[in-house]
Amino acid sequence: MNLNIEMVKSKSGKECEISLIGRLDAQSAPEAEEFLLKQAQNFDSIFLNFSQLGYISSAGLRALKVLRIEMRRKGGTLTLKNVSTPVMEIFEMAGFAAFFNFA
């Protein structure tokens, strides 16, 4: 897989931070989506740290959209942080920037 995922759970147990490292693309998105949806079952707040995410494809955007829908359905929050300029440009070009919370 060309994407590594590192998770840090908070002390409260209600929120976690997940770092996505590498490329979130058609090859890695299905496994990432499965992992992220499992975390959505366990946490009220998820912070995705993109400081080491170099690329995101439409498949990656779709995985994040599915996660966002699930978090909203359960009344939780999803926040994307440390998004690089090239990755943010992809969000903006796809029209996804308005749908996510950025920190």
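Are Phe96 and Phe100 buried or exposed? Both of them are buried, and they appear again in the third close-up below. Please keep in mind throughout that this is a predicted model.

**Close-up 1. Helix H3 and its buried side.** Helix H3 covers residues 85-94, and its buried residues are Val87, Met88, Ile90 and Phe91. These four span an arc of only 150° around the axis, which puts them on the same side of H3. Turn to the face pointing away from that buried side and you will find the exposed residues Thr85, Glu92 and Met93. Several elements pack against the buried residues of H3: strand E3 (45-56), helix H2 (58-73), strand E4 (77-81) and strand E5 (101-102). Just after H3 comes Gly95, with a positive phi near 80°.

**Close-up 2. The largest nonpolar core, with Phe50 as a guide.** This core has 28 residues. Leu24, Ile46, Leu48, Phe50, Ile56, Leu64 and Phe91 are the ones with the most contacts inside it. At least two core residues come from each of strand E2 (15-24), helix H1 (29-42), E3, H2, E4 and H3. Phe50 is a handy place to start looking around. Leaving aside residues up to four places away in sequence, Phe50 touches Leu20, Leu64, Leu80, Lys81, Asn82, Val83, Val87 and Phe91.

**Close-up 3. The aromatic cluster.** Five rings take part in one aromatic cluster: Phe50, Phe91, Phe96, Phe100 and Phe102. The structure holds 4 aromatic pairs. In one of them, the ring centres of Phe91 and Phe102 are 5.7 Å apart and the planes stand at 90°, so this pair is edge-to-face. Phe91 belongs to helix H3 and Phe102 to strand E5, so the pair links parts of the chain that are 11 residues apart. How do the two partners compare in burial? Phe91 counts as buried because its relative accessibility is 0%, whereas Phe102, at 31%, counts as partly exposed. Another pair is formed by Phe96 and Phe100, and this one is stacked, with 6.4 Å from centre to centre and 15° between the planes. As noted at the start, both Phe96 and Phe100 are buried.

**Close-up 4. Salt bridges between distant parts of the chain.** The structure has 5 salt bridges, and two of them are shown here. In one, Glu17 is joined to Lys81, with 3.0 Å between the closest N and O atoms. This bridge ties strand E2, which holds Glu17, to strand E4, which holds Lys81, and the two residues are 64 apart in the chain. Glu17 has 23% relative accessibility and so counts as partly exposed. Lys81 also counts as partly exposed, because its value is 22%. In the other bridge, the side chains of Glu33 and Arg62 meet at 2.7 Å, N to O. Here the link runs from helix H1, home of Glu33, to helix H2, home of Arg62, across 29 residues. Which partner is buried, Glu33 or Arg62? Glu33 counts as buried, because its relative accessibility is 16%, while Arg62 is partly exposed at 48%.

**Close-up 5. Helix H2, its two sides and a bridge within it.** The 16 residues of H2 should span 22 Å at 1.5 Å a residue, and the end C-alpha atoms are indeed 22 Å apart, so the two values agree. Gly60, Leu61, Ala63, Leu64, Leu67, Arg68 and Met71 are the buried residues of this helix. Seen down the axis of H2, they fall within an arc of 155°, so they line one face. The elements covering these buried residues include E2, H1, E3, E4 and H3. On the other side of H2, Ser58 and Arg73 are exposed; for Arg73, this is because its relative accessibility is 61%. Arg73 also forms a salt bridge with Glu70, with the closest N and O atoms 2.6 Å apart. Glu70 and Arg73 both lie in H2, 3 residues apart, which is about one turn of the helix. Why can such a spacing bring side chains together? An α-helix has 3.6 residues a turn, so residues three or four places apart point the same way.

Methods:
Residues numbered from 1 in each chain as written. Predicted model: local features only at pLDDT ≥ 70, side-chain atom pairs only at ≥ 80, totals over all residues. Heavy atoms only, no water. Buried < 20%, exposed > 50% of the residue type's maximum accessible area, 1.4 Å probe, protein only. Arc of directions from axis to C-beta. Contact = heavy atoms within 4.5 Å. Core = buried A, V, L, I, M, F, W, Y, C linked by side-chain atoms within 4.5 Å. Phe/Tyr/Trp six-rings, centres within 6.5 Å; stacked < 30°, edge-to-face > 60°. Salt bridge = Lys/Arg side-chain N within 4 Å of Asp/Glu carboxyl O. Expected span 1.5 Å × (residues − 1).
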